[in-house]
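This report introduces one protein structure to a reader who has not met it before. Please look at the sequence and the structure shown here before reading on.

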Amino acid sequence: MNYELLQIFLNIILVIAGFYIVCIAAFTVGLYNLKERFDSVEKILKTKVSVLIAARNEENNIENLLLSLYKQTFPKEFFEVIIIDDHSEDNTKKIIDTFIDNNKDFNIKVYTSDGIGKKAAISQALHKAENELIIVTDADCILNPSWIESIVAYYQKSNSKMILAPVLLTPSNTLFEKMQVLEHLSLIGSTAGSAAIGFPVMCNGANMAYEREAALEVEKQRHDFDIPSGDDMFLLEQFVKNYGSKNVKFLLNKSAIVKTQTCKTIKDFFRQRRRWVSKTKAYTNWKIITTALIVFFFNVSIISLFISAFFIPALWSLYILFTLLKYLVDLPLLKNITNFMNQKDLIKWAFPLEFIYPFYVTFTAISGILINVKWKRS
């Protein structure tokens with residue numbers, strides 16, 4: 001590589017790094033300015049809730065979710081639970097039916113999906129729902145007893161069309177699990193920070209809420225139902241398009257945290273990440289697209305420096321420098337969200353894991369775009 005080409009190469013990396021710094025710094029400012037909520041539901045309840053769940057082959061998890069729903073502090077007469085079984089091949093449906101039989105005081109309904117995949121299941125559940133506020137979670141989640149109450153309290157005070165809420169991966173015992181939890185916390189921190197500055201670019205379908213009528217309205221305008229993944233992100237896109245960014249809020253409340261499991265194997269991990277990435281090629285919101293591209297190309301830049309350093313040894317110092325830069329840019333956001341989630345011990349792993357993240361982020365991004373994926377089927 002001659003000097004002029006090297007200079008162009010380094011200038012491109014510098015520009016990308018500049019965009020990355022601005023992007024993460026903006027999210028960090030938003031997160032730091034976001035106040036933790038301690039609202040309580042008013043004595044005179046004004047909001048009834050429908051909790052929607054799509055389930056497929058969740059025999060090991062579904063009962064724990066149902067128990068955590070049954071133990072909610074929110075009055076049972078003010079919420080219903082609708083589960084759509086996506087053609088499970090195990091005992092998921094049987095476990096749900098048994099739970100219903102044993103808890104007659106609990107308003108829970110289960111249906112077999114008319115379609116295929118999570119997106120079709122959630123849509124079907126939405127049309128079965130009868131209440132004003134929809135709250136969505138996943139079949140493998142565990143909920144805080146005040147989960148519904150905290151979301152309803154914030155909804156009644158904010159009148160938001162859509163509410164995003166925190167998700168924590170557990171456990172975090174092995175290095176592989178710590179990597180997953182820390183990376184996911186960075187995504188949750190970015191979700192919260194971006195929403196706080198009126199620039200929502202991420203959400204998590206394991207924990208979000210929205211007005212039923214608004215969701216039914218935006219569903220008429222969505223054109224993503226042929227894409228197996230993205231029930232949450234495409235809905236966010238359409239909500240922003242219809243109602244504006246200011247109507248999408250993030251609820252920073254410990255009672256609103258839901259817990260879900262880390263992936264047990266590397267194969268499961270990459271399969272999950274490919275599902276997440278596969279939907280990005282269909283995004284239309286420029287904010288979401290731009291953010292994704294900035295993050296992707298900055299990680300590619302670091303990998304490019306790593307590879308180039310084998311041919312131009314002087315670039316090893318730049319590779320280390322840019323990895324350190326990424327760590328320093330990411331650190332304030334990570335410190336804030338790990339403190340909020342009571343995961344402060346994980347922060348010590350942030351720097352060594354910065355040497356791993358660019359490689360798997362780039363690999364999953366490329367493979368997610370090139371490989372066709374289906375919800376829990378590939």
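Leaving aside its neighbours within four places in sequence, with which residues is Gln156 in contact? The contacts, meaning heavy atoms within 4.5 Å, are with Val41, Glu42, Leu45, Lys46 and Thr47.

The model is predicted: local features need pLDDT of at least 70 and side-chain atom pairs count only at pLDDT 80 or more, while totals for chains, interfaces and linings use all residues. Residues are numbered from 1 along each chain as its sequence is written, and side-chain values use heavy atoms, with hydrogens and water left out.

**The surroundings of Gln156**

Gln156 lies in helix 5 (residues 147–158); helices (H or I, at least four residues) and strands (E, at least two) are DSSP runs, numbered from the N terminus. With 9% relative accessibility, Gln156 counts as buried, where buried means under 20% relative accessible area, exposed over 50% and partly exposed in between (1.4 Å probe, protein chains only). Gln156 and Glu42 are 114 residues apart in sequence, and their C-alpha atoms are 8.6 Å apart in space. A polar atom of the Gln156 side chain lies 3.3 Å from the backbone nitrogen of Lys46.

**The sheet and strand 4**

Seven strands form an open sheet with mixed pairing, in the order 3-2-1-4-8-6-9; two strands pair if DSSP finds at least two bridges between them. Strand 3 (108–112) and strand 9 (248–250) stand at the edges with a single partner strand each, so one side of each has no neighbour in the sheet. Neighbouring strands of this sheet are turned by 20° against each other on average, direction ignored; axes are lines fitted to C-alpha atoms, for helices over the stretch in contact, and angles run from 0 to 180 degrees between N-to-C directions.

Within this order, strand 4 (residues 133–138) has six of its six residues buried, so strand 4 is largely enclosed by the rest of the structure. In a regular strand the side chains alternate between the two faces of the sheet. Leu133, Ile135 and Thr137 point one way from strand 4, whereas Ile134, Val136 and Asp138 point the other way. Strand 4 pairs with strand 1 (residues 49–55) in the parallel sense over six bridges. Strand 4 and strand 8 (residues 207–211) run antiparallel and are joined by five bridges. Some bridge partners are listed below.

| Residue in strand 4 | Bridge partner | Strand of the partner |
|---|---|---|
| Leu133 | Val49 | strand 1 |
| Ile135 | Ala209 | strand 8 |
| Thr137 | Asn207 | strand 8 |

**Helices 2 and 3**

Helix 3 (residues 92–102) lies across strand 1, strand 2 (79–85) and strand 3, and runs at about 155° to strand 3. In helix 2 (residues 62–70), the buried residues are Ile62, Leu65, Leu66, Ser68 and Leu69. They cover an arc of only 165° around the axis, taken from the directions from the helix axis to the C-beta atoms, and therefore lie on the same side of helix 2.

**Cysteines**

A disulfide is a pair of cysteine sulfur atoms within 2.5 Å, and by this rule the count comes to zero. The sulfur of Cys141 is 13 Å from the closest cysteine sulfur, in Cys263, which is too far for a bond. Cys141 is buried, with a relative accessible area of 0%, and Cys263 counts as buried at 10% relative accessibility.

Definitions and conventions: Polar contact = N/O pair within 3.5 Å; in protein donor to acceptor, adjacent residues only side chain to side chain.
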